[in-house]
Amino acid sequence: QKQQLKRERVSLEHDIDQKLLALCKIDLSKDIESGLHAVEGDIEALLQALQKVNNEMMSLDCTTVERQQNEHHREIMQGYFQDFKTTKAKMKHRFEKEALLKNCQKDIEEFKTGAAALGKERDAIGKVGDMANQILAIGESSRERLQAQRSTFGSILDKSGTLIKKLPVVNDIIQKIHKKKSRDMIILSGVIGLCLFLCWLYWK
């Protein structure tokens, strides 16, 4: 039984050494949480098994040399426990640091994406603002042209109204001129007739 326990103890110590090395070499920049917890669980199980074996060895009747060997292996086991505790704390710190770094990188990427989207939105708003200014300028120009046209039409209407008002007077003047010309023509015709009559009398 002693030999079996000794072989089992040596095997467990070897496995614990390998697992502790594996724990230190875990790449925390990759998929680490499940792997980290798995290795830690394996080491805890191995340490418990080693502690059980050492307790069984200490309970057996042993020679002085065997007791010294058991004490030496118990110290080795305590060293494993301490190493595991220290390594586990370091790995936890590294894990938290790596997670914080990933979150910072994620926040930076999100900020860059948001800043890019904000820049595009700002450009779009600027373009809309420019278009709005152009539309307002066109509207202002159209309003001024309409006001000018309204003023012109108003002036034309005023002049037309004035002319319409004056047309009766103009018509009266024209009619008077025509009447005067007719009277003058009658008088002139009479004078010419009289002259012709006198000439006829003279030559007769």
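**A first pair**

Glu71 has a relative accessible area of 28%: is this residue buried, partly exposed or exposed?

Solution. Start with the cut-offs: buried means under 20% relative accessible area, exposed means over 50%, and partly exposed lies in between, using a 1.4 Å probe and protein chains only. At 28%, Glu71 is therefore partly exposed. Its partner is Arg74, and the two side chains meet in a salt bridge, with N and O 2.5 Å apart. A salt bridge here is a side-chain nitrogen of Lys or Arg within 4 Å of a carboxyl oxygen of Asp or Glu. Arg74 also has 28% relative accessibility, so it counts as partly exposed. Both residues sit in helix H3, three residues apart, which means that about one helical turn separates them.

Before you go on, note that this is a predicted model: local features need pLDDT of at least 70 and side-chain atom pairs count only at pLDDT 80 or more, while totals for chains, interfaces and linings use all residues. Residues are numbered from 1 along each chain as its sequence is written, and side-chain values use heavy atoms, with hydrogens and water left out.

**The overall layout**

Describe the secondary structure of the protein chain from the N terminus on.

Solution. Helices (H or I, at least four residues) and strands (E, at least two) are DSSP runs, numbered from the N terminus. Counting them gives three helices and zero strands, in the order α-α-α. Next, look at the coverage: of the 204 residues in the protein chain, 15% are buried. The accessible surface is about 16100 Å², and carbon and sulfur atoms hold 61% of that area; such areas come from the Shrake-Rupley method with a 1.4 Å probe, and for residues only the protein chains shown count as cover. Finally, take contacts, meaning heavy atoms within 4.5 Å. Among those between residues at least 6 apart in sequence, 80% join residues at least 24 apart.

**A check on helix length**

Work out why the span of helix H1 agrees with its number of residues.

Solution. The expected span is 1.5 Å times one less than the number of residues. H1 covers residues 2-24, so its 23 residues should span 33 Å, and the C-alpha atoms at its ends are indeed 33 Å apart. Now see which residues of H1 are covered: the buried ones are Leu5, Lys6, Arg9, Leu12, Glu13, Ile16, Leu20 and Leu23.

**Bridges between helices**

Find which residues Lys6 and Lys19 pair with in salt bridges.

Solution. Begin with Lys6, whose bridge to Glu66 has its closest N and O atoms 3.8 Å apart. This pair links distant parts of the chain, since Lys6 is in H1 and Glu66 is in H3 (residues 64-203), 60 residues apart. Glu66 has 16% relative accessibility, so it counts as buried. Lys2 joins Lys6 and Glu66 in a network of salt bridges.

Turn now to Lys19, which meets Asp42 in a salt bridge at 3.2 Å, N to O. Lys19 lies in H1 and Asp42 in H2 (residues 33-59), so the pair ties together parts 23 residues apart in sequence. Lys19, at 28% relative accessibility, counts as partly exposed, and Asp42 is partly exposed at 34%. The full count is five salt bridges.

**Inside the core**

Which members of the largest nonpolar core touch the most other members?

Solution. A nonpolar core is a set of buried Ala, Val, Leu, Ile, Met, Phe, Trp, Tyr and Cys residues joined through side-chain atoms within 4.5 Å. The largest one has 18 residues, and Ile16, Leu23 and Ile43 touch the most other members. H1, H2 and H3 each supply at least two residues, with H2 giving the largest share, eight residues. Follow Ile16 for detail: leaving aside neighbours within four places in sequence, it contacts Leu46, Leu47, Leu50 and Tyr80.

**A nonpolar patch**

Identify the residues that make the nonpolar surface patch of about 520 Å².

Solution. Patches use residues with over 30% relative accessible area and no salt bridge, joining like charges within 9 Å and nonpolar side chains (Val, Leu, Ile, Met, Phe, Trp, Tyr) within 5 Å. The members here are Leu194, Phe197, Leu198, Trp200 and Leu201. Trp200 lies in H3, and at 47% relative accessibility it counts as partly exposed.
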